[in-house]
Amino acid sequence: MRHLRLAAALLLVVLFPLAVSAADGKAAAAPAKAKAPAAPPPAPPNITASMAKGGCKAFAALVAASPDALSTFQSAADGGVTAFCPTDDAMRAFMPTYKNLTADGKASLLLFHAVPVYYSLRSLKSNNGVMNTLATDGSAKNFNFTVQNEGDKVTIKTDASDGVARIKDTVYDKDPIAIYAVDTVLEPVELFEPAESPAPAPAPVADAPKASKSKKASHRHVADAPGPAGDDAPPADQRKSSKKNDAAAGASCLRWLAALPVAVAVAAALA
């Protein structure tokens, strides 16, 4: 019995290394598991479809119908783009004008509504100033507009319009694409007449100086004061008495003249 246990122990000592070696060989022979491929980046959203969902169906349809505009929008989406799509109400009022543009003019107008940079609404508020658009073609065609803040609103001003376009809603905002709905069609000065500058207000006319009180007083008519009586003129009461004496003397002379013929007749009779 003792010899059997000794033999079993020897057999175990001999076979165990062999079993371990075989197991290592199988592990080495087994192929390594391949890593799962990385998920591809999500495809950019369809810009025209996003515009249509955000209340800009008419503008989105025009972009989709213009091969030049559509291809430029799609290629710009990869590097970053910010689009300003007019609402359907704004496009409805503008359509008669749009139909009168040439094919190139229509494409330029559509591309004028986007800039080749991604801007969140917050970054737009802090990046006011002149911006190039997708329609900009070097120095030959500027097609620029100016972004400004109006209170807490962001506005867009062009040289062909007296007013401004205001951002109404955020249609889509996820880097690298941002789409905002605006209440007015953006009109580039390259396609439309520049807006007339308002005429300066006339300068106020100064009131004529008012005459001073002293001058007014000098023009008033002042009645002449009675001059002083002459030194030889008698007082008023003496003048009245003199008139009475003159009248009495005159009456006495008349009585003597009336009695004179009577005296002559008496003298003749006595002779």
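Here's a quick briefing on the fold, the core and a few local oddities of this chain. Keep in mind that the model is predicted. The protein chain carries 9 helices and 7 strands, and buried residues make up 24% of its 271 residues. Among contacts with a separation of 6 or more, 62% come from residues 24 or more positions apart.

**The nonpolar core**

- The largest nonpolar core counts 48 residues.
- If you want its hubs, go to Ile-47, Met-51, Phe-59, Phe-73, Phe-84, Leu-124 and Phe-145, which have the most contacts inside this core.
- Strand β7 (residues 177-182) puts in 6 residues, the largest share of this core.
- Leu-124 is a good place to look around: leaving out residues up to four places away in sequence, Leu-124 touches Phe-84, Tyr-119, Met-131, Val-147, Asn-149, Val-154, Ile-167 and Tyr-180.

**Aromatic rings**

- There are 5 aromatic pairs in the structure.
- Take Phe-112 and Phe-145: their ring centres sit 5.5 Å apart and their planes are at 80°, so this pair counts as edge-to-face.
- That pair ties together distant parts of the chain, 33 residues apart, with Phe-112 in the loop between α6 (103-111) and β2 (114-115) and Phe-145 in strand β4 (residues 145-150).
- Both of these residues, Phe-112 and Phe-145, are buried.
- Zoom out and you get a cluster, with ring pairs linking Phe-84, Phe-112, Phe-143, Phe-145 and Tyr-180.

**Helix packing around α5**

- Helix α3 (residues 57-65) packs on helix α5 (residues 88-99) at an angle of about 45°, and their axes are 8 Å apart.
- That angle makes α3 oblique to α5, because angles of 65 to 115 degrees would count as roughly perpendicular and those under 35 as roughly parallel.
- On the α3 side the players are Lys-57, Ala-58, Phe-59 and Leu-62, and they meet Asp-88, Met-91, Met-95 and Tyr-98 of α5.
- By residue type, the α3 and α5 contact splits into 6 nonpolar, no polar and 2 charged.
- Helix α5 also has α6 for company: the axes of α5 and α6 come within 10 Å and cross at roughly 145°.
- Phe-94, Tyr-98 and Lys-99 of α5 make that contact with Lys-106, Leu-109 and Leu-110 of α6.
- Here the split is 4 nonpolar, no polar and 2 charged.
- Tyr-98 turns up in the contact with α3 and again in the contact with α6.

**What's buried in α6**

- Gly-105, Ala-107, Ser-108, Leu-109, Leu-110 and Leu-111 are the buried residues to look at in α6.
- Their cover includes α3, α4 (67-79), α5 and β2.

**Backbone oddities**

- For background, most peptide bonds are trans, and most residues other than glycine have a negative phi.
- The peptide bond from Asp-175 to Pro-176 is cis, with omega near 20°.
- Pro-176 lies in the loop between β6 (165-174) and β7.
- Phe-143 has a positive phi, near 45°, without being a glycine.
- Phe-143 belongs to the loop between β3 (129-131) and β4, and at 4% relative accessibility it counts as buried.
- Phe-143 is also one of the residues in the ring cluster.

**Far in sequence, and where they sit in space**

- Ala-90 lies in helix α5 and is buried, given its relative accessible area of 12% against a cut-off of 20%.
- Ala-90 and Val-182 are 92 residues apart in sequence, while their C-alpha atoms are 8.4 Å apart.
- Setting aside neighbours within four places in sequence, Ala-90 is in contact with Asp-183, Thr-184 and Val-185.
- Ser-75, in helix α4, counts as partly exposed at 48% relative accessibility.
- Ser-75 and Pro-116 are 41 residues apart in sequence, with 10.0 Å between their C-alpha atoms.

Note on methods:
Residues are numbered from 1 along each chain as its sequence is written. This is a predicted model: local features need pLDDT of at least 70, side-chain atom pairs count only at pLDDT 80 or more; totals for chains, interfaces and linings use all residues. Side-chain values use heavy atoms; hydrogens and water are left out. A nonpolar core is a set of buried Ala, Val, Leu, Ile, Met, Phe, Trp, Tyr and Cys residues joined through side-chain atoms within 4.5 Å. Buried means under 20% relative accessible area, exposed over 50%, partly exposed in between (1.4 Å probe, protein chains only). Helices (H or I, at least four residues) and strands (E, at least two) are DSSP runs, numbered from the N terminus. Contact means heavy atoms within 4.5 Å. Rings of Phe, Tyr and Trp (its six-membered ring) pair if their centres lie within 6.5 Å; planes under 30 degrees apart count as stacked, over 60 as edge-to-face and the rest as tilted. Axes are lines fitted to C-alpha atoms, for helices over the stretch in contact, and angles run from 0 to 180 degrees between N-to-C directions. Angles under 35 degrees count as roughly parallel, over 145 as roughly antiparallel, 65 to 115 as roughly perpendicular and the rest as oblique. Ala, Val, Leu, Ile, Met, Phe, Trp, Tyr, Cys and Pro count as nonpolar, Asp, Glu, Lys and Arg as charged, and the others, Gly among them, as polar.
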